[in-house]
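Biologist: I am new to this structure and would like a close look at a single part of it. Please choose a good place to start and show me how it sits in the rest.

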Amino acid sequence: MLWIFRFSGVFSGVLLMIILSPSLQSFPPAEAIRSFRRAPVFRNAPNCRAATSDVCDTSFIHVAITLDVDYLRGSIAAVHSILQHSHCPENIFFHFLASRVDTTARLETLVVSVFPHLHFTVHYFNPNVVKPLISTTIRQALEQPLNYARNYLADILEPCVRRVIYLDSDIIVVDDIVSLWNTSLGPHTIGAPEYCHANFTKYFTPTFWSDPELSSAFSGRVPCYFNTGVMVMDLVNWRENGYTRKIEKWMEIQRNERIYELGSLPPFLLVFAGHVAPIEHRWNQHGLGGDNVVGSCRDLHAGPVSLLHWSGSGKPWVRIDARRPCPLDALWSPYDLYVHSTRR
């Protein structure tokens with residue numbers, strides 16, 4: 001059962017969704033607030049259309065970002081980068097999703113203290129909705145319920161929210177996010193940068209490929225890999241076609257037959273690969289965190305960059321604190337609002 005509670009804050013025009021894990025209960029509220037300095041104030045340019053505080057205002061850009069105690073620092077930096085590079089920062093509306101009712105007030109206080117002019121709504125996502133469907137993966141972090149919360153955005157967001165940008169919390173945006181928001185999806189439900197040169201077969205086990213009934217899922221399609229950490233989602237189409245349930249059905253099969261190894265990505269591939277609106281690769285320079293087993297330093301892909309994504313096991317804030325940063329972690333640092341206790 002999916003329980004939804006909403007808590008509204010008084011902000012000014014960006015919709016960000018942050019998904020919290022139960023582990024936030026161990027994060028002391030006062031310490032959480034003191035650990036982050038206030039961000040600069042970002043205002044709309046004169047030619048921006050003024051948005052109201054109503055989440056249904058069509059001027060808003062809707063952005064969803066996951067958050068738990070381990071990724072709080074990354075999520076704050078991601079929001080900072082989005083606002084800094086936006087021509088109309090007050091026209092972005094942030095949605096926060098919490099998995100414990102008793103953490104919402106602390107989250108609200110933290111966000112107001114760091115971004116005092118933000119408009120946001122806090123929703124409650126019950127992790128028990130997806131826990132029975134999660135199977136073990138090659139990395140424990142991939143088994144966290146928050147990795148699957150993107151599957152339920154169409155149910156959690158207000159019905160008037162017709163489109164949302166979903167972003168992982170280990171990203172930095174260095175371009176105006178309105179360009180990503182305005183991506184044409186055509187008849188498709190999601191848009192994402194595709195990587196058709198990748199070995200698609202490796203995302204599924206021999207059990208999957210040897211079963212004609214299972215592997216026929218891709219019949220009539222030319223499936224390509226895409227990273228689910230950056231997606232533009234048409235929630236109207238999603239709701240009309242019941243995609244949440246379609247993803248859940250594949251997760252149920254996985255529990256019984258072990259048809260893939262990587263967490264939340266393969267169910268998305270099974271449902272959408274071959275039916276994705278292509279977005280320029282500049283919007284997901286992914287893999288900067290290294291592979292999913294051990295962290296390693298990576299270089300940028302060739303071409304322009306609008307979004308950097310530290311997908312993989314290595315996170316820039318962890319490597320920086322350990323004094324073992326990768327060269328590209330220096331691109332993340334300017335957006336970090338965390339204040340170490342030794343600096344206070």
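Modeller: Gladly, and please keep in mind that this is a predicted model. Let us start at Arg73, which counts as buried because its relative accessibility is 9%, under the 20% cut-off for that word. What does Arg73 form a salt bridge with? The partner is Asp321, and the closest N and O atoms of the two are 2.7 Å apart. This pair links distant parts of the chain: Arg73 belongs to helix α2 (residues 72-84) and Asp321 to helix α11 (residues 316-321), with their positions 248 residues apart in sequence. Asp321 counts as partly exposed, because its relative accessibility is 38%. The link also has a third member, as Asp336 joins Arg73 and Asp321 in a network of salt bridges.

A word on the chemistry may help: side chains of opposite charge can pair when their charged atoms come close. The structure holds 10 salt bridges, and a couple of others are worth visiting alongside our starting point. Asp168 forms one with Arg150, with 3.9 Å between the closest N and O atoms. Asp168 sits in the loop between β6 (163-167) and β7 (171-173), while Arg150 sits in the loop between β5 (120-124) and α4 (153-156), so this pair ties together parts that are 18 residues apart in sequence. Both Asp168 and Arg150 are buried.

Asp168 lies in a loop next to β6, so let us step into that strand. Is β6 enclosed or open to the outside? β6 is largely enclosed by the rest of the structure, because 5 of its 5 residues are buried. In a regular strand the side chains alternate between the two faces of the sheet. Here both faces are covered: Arg163, Ile165 and Leu167 are buried on one side, and Val164 and Tyr166 are buried on the other. You can also follow the strands that β6 pairs with. With strand β3 (residues 61-66), β6 pairs in the parallel sense over 3 bridges, and Ala64 has Tyr166 of β6 as its bridge partner. With strand β11 (residues 230-234), β6 runs antiparallel, joined by 5 bridges. Within that pairing, Ile165 has Val232 of β11 as its bridge partner.

Now to a salt bridge within a helix. The side chains of Glu248 and Arg245 meet with 3.3 Å from N to O. Where do these two sit? They are both in helix α9 (residues 243-257), and because they are 3 residues apart there, about one helical turn separates them. Glu248 counts as buried because its relative accessibility is 13%, whereas Arg245, at 38%, counts as partly exposed.

Helix α9 also brings us to the aromatic side chains. The structure holds 22 aromatic pairs. In one of them, the rings of Tyr243 and Phe272 have centres 4.8 Å apart and planes at 50°, so the pair is tilted. Tyr243 lies in helix α9 and Phe272 in helix α10 (residues 265-272), so to speak two distant parts of the chain linked across 29 residues. Tyr243 is buried at 14% relative accessibility, and Phe272 is buried with a relative accessible area of 2%. Phe272 has a further ring partner in Phe268: the centres are 5.6 Å apart and the planes at 35°, so this pair is tilted as well. Because Phe268 and Phe272 are 4 residues apart in helix α10, about one helical turn separates them. Phe268 is buried, with a relative accessible area of 0%. Elsewhere, one aromatic cluster is formed by residues including Tyr195, Phe200, Trp209 and Trp250.

Finally, let us step back to the whole chain. The chain has 11 helices and 13 strands, and 58% of its 344 residues are buried. Among contacts between residues at least 6 apart in sequence, 79% join residues at least 24 apart. The exposed area of the chain is about 14,400 Å², with carbon and sulfur atoms supplying 53% of it.

Notes. Residues numbered from 1 in each chain as written. Predicted model: local features only at pLDDT ≥ 70, side-chain atom pairs only at ≥ 80, totals over all residues. Heavy atoms only, no water. Salt bridge = Lys/Arg side-chain N within 4 Å of Asp/Glu carboxyl O. Buried < 20%, exposed > 50% of the residue type's maximum accessible area, 1.4 Å probe, protein only. Contact = heavy atoms within 4.5 Å. Areas by Shrake-Rupley, 256 points an atom, 1.4 Å probe, with all protein chains shown as cover. Phe/Tyr/Trp six-rings, centres within 6.5 Å; stacked < 30°, edge-to-face > 60°. Pairing = 2+ DSSP bridges.
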